[in-house]
Amino acid sequence: MAARALWKGAISFGLVYIPVEMYTAVQEHDLDLTMLDRRDFSPVGYKRYNKKTGKEVTWDDIVKGYEYEDNEYVVLSDEDLKRANVEATQTIDIVAFVEAADVPLTYYETPYYLAPAKGGGKVYALLRETLRKAGKIGIATVVMRTKQHLCALVCVEDKIVLNTLRYATEIRSAEELKLPPATMKAAGISDKELQMALSLVDGMSEEWNPEQYHDTYKEDVMAMVKKKIKAGQTKTITAPDKETAAPKASNVVDLVALLQDSLGKRGGKGAAAKSRPAPVEEEEDEEEEEAKPKARSSKSGSTTRRSTSTSRAKSSTKSTAKTASHATAAKRKPATSRKAA
């Protein structure tokens, strides 16, 4: 958690005020790439400059302004922005409680942690437990950085998370998208295809463990960086490959066959049962049924099994292979051996 709070104020819960402090809940791990001039590979910088004089402007000399006419501005200081609505800038005002499932994921934006400020522990815990028991989220409004945000207060374990939400006007309509029909029948999905897909989902289902996921692409890029350094190609600009046409989708796709193939390749409960190799004893029984009752056939079957075990074949000598072949033949005909004895 950050050492300094991003925002300080209170949650308005009916007539109850809960003093809280807001902290960022996420941190970025993007690749830190520097813009370079391709002519001499020097870093490219950006300056804040006065468009009238062309001179650079320091942060201390920068103020905000609203352009009400061409090149005419109303200067707005931080204090002006605060005085426009003091309560809105200092309060997370809960306006309703709704079911979490009723808010589509497209509305969620950025999460923040809320922690109780001095003297707010008990009322903070009260709101947290109320959200937990009710199974709902609180819809609220809050002003941050000159913008009023719609937000959701969500109970997550022992903390309250404020997640900013997009307004309905910020969500683009999906009417122009060419989507399949909403029903299975109209979309041409058979019951068998659905059942196979559900089996694939079941086979790939596991407990949520966020620690097992990480940015593998960043690792690939860093591996390429090390490779170019080692090869002395730090100033080499790699030209793009010739683009190949994307494969066209077939008009008729055997989804059942694809799903069956996926079940065989994917890990999980369902795939494990289907892709698990048969025990050696079962292979031997099948070979015994197919093999002729001759010592030569037994020897051939033994040789075939030995060839499938590469590591054993490499470590075995010819004499060992011959001994194993006779031993297998003897094992295949226990009755004959006893009669001979």
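Helices here are DSSP runs of H or I with at least four residues, numbered from the N terminus. By that count L194 lies in helix 5, residues 191–204. The model is predicted.

**Exercise 1. The chain as a whole**

Task: State how many helices and strands the chain has, and what share of its residues count as buried.

Solution.
- Step 1. The chain has 13 helices and nine strands.
- Step 2. Of its 341 residues, 18% count as buried.
- Step 3. The exposed area of the chain is about 27,500 Å², and carbon and sulfur atoms supply 54% of that area.
- Step 4. Take contacts between residues at least 6 apart in sequence: 58% of them join residues at least 24 apart.

**Exercise 2. A salt-bridge network**

Task: Find which residues are joined with E129 into one network of salt bridges, and classify each by accessibility.

Solution.
- Step 1. Side chains of opposite charge can pair when their charged atoms come close.
- Step 2. E129 meets R128 in a salt bridge, 2.9 Å from N to O.
- Step 3. E129 also forms a salt bridge with R132, where the closest N and O atoms are 3.1 Å apart. Both E129 and R132 lie in helix 3 (residues 121–134). They are three residues apart, about one turn of the helix.
- Step 4. Shared partners join R128, E129 and R132 into one network.
- Step 5. Buried means under 20% relative accessible area. R128 has 18% relative accessibility, so R128 counts as buried. E129, at 27%, is partly exposed. R132, at 38%, is partly exposed.

**Exercise 3. A bridge between distant parts**

Task: Locate the two partners of the salt bridge between K64 and D78, and decide whether each is buried, partly exposed or exposed.

Solution.
- Step 1. The closest N and O atoms of K64 and D78 are 3.8 Å apart. The pair links distant parts of the chain, with K64 in strand 3 and D78 in helix 1 (residues 78–83). The two are 14 residues apart.
- Step 2. Exposed means over 50% relative accessible area. D78 has 57% relative accessibility, so D78 counts as exposed. K64 has 48% and therefore counts as partly exposed.
- Step 3. The structure holds nine salt bridges.

**Exercise 4. Two surface patches**

Task: Name the residues of the negative patch and of the nonpolar patch, then place one member of each.

Solution.
- Step 1. E28, D30, D215, E219 and D220 form a negative surface patch.
- Step 2. E219 sits in helix 6 (residues 216–230). Its relative accessibility is 46%, so E219 counts as partly exposed.
- Step 3. M184, I189, L194 and L198 make a nonpolar surface patch of about 300 Å².
- Step 4. L194 belongs to helix 5. With a relative accessible area of 31%, L194 is partly exposed.

**Exercise 5. Positive phi outside glycine**

Task: Give the phi angle and the place of F41 and of E157.

Solution.
- Step 1. F41 is not a glycine, yet has a positive phi of about 60°. F41 is placed in the loop between strand 2 (16–24) and strand 3 (64–69).
- Step 2. E157, also not a glycine, has a positive phi of about 55°. Its loop runs between strand 8 (147–156) and strand 9 (159–165).
- Step 3. F41 has 28% relative accessibility, so F41 counts as partly exposed. E157 has 60% and therefore counts as exposed.

Notes. Residues are numbered from 1 along each chain as its sequence is written. This is a predicted model: local features need pLDDT of at least 70, side-chain atom pairs count only at pLDDT 80 or more; totals for chains, interfaces and linings use all residues. Side-chain values use heavy atoms; hydrogens and water are left out. Patches are made of residues with over 30% relative accessible area and no salt bridge: like charges are joined within 9 Å, nonpolar side chains (Val, Leu, Ile, Met, Phe, Trp, Tyr) within 5 Å. Accessible areas come from the Shrake-Rupley method with a 1.4 Å probe; for residues, only the protein chains shown count as cover. A salt bridge is a side-chain nitrogen of Lys or Arg within 4 Å of a carboxyl oxygen of Asp or Glu. Lys and Arg count as positive and Asp and Glu as negative; His and the chain ends are not counted. The place of a charge is taken as NZ of Lys, CZ of Arg, CG of Asp or CD of Glu. Buried means under 20% relative accessible area, exposed over 50%, partly exposed in between (1.4 Å probe, protein chains only). Contact means heavy atoms within 4.5 Å.
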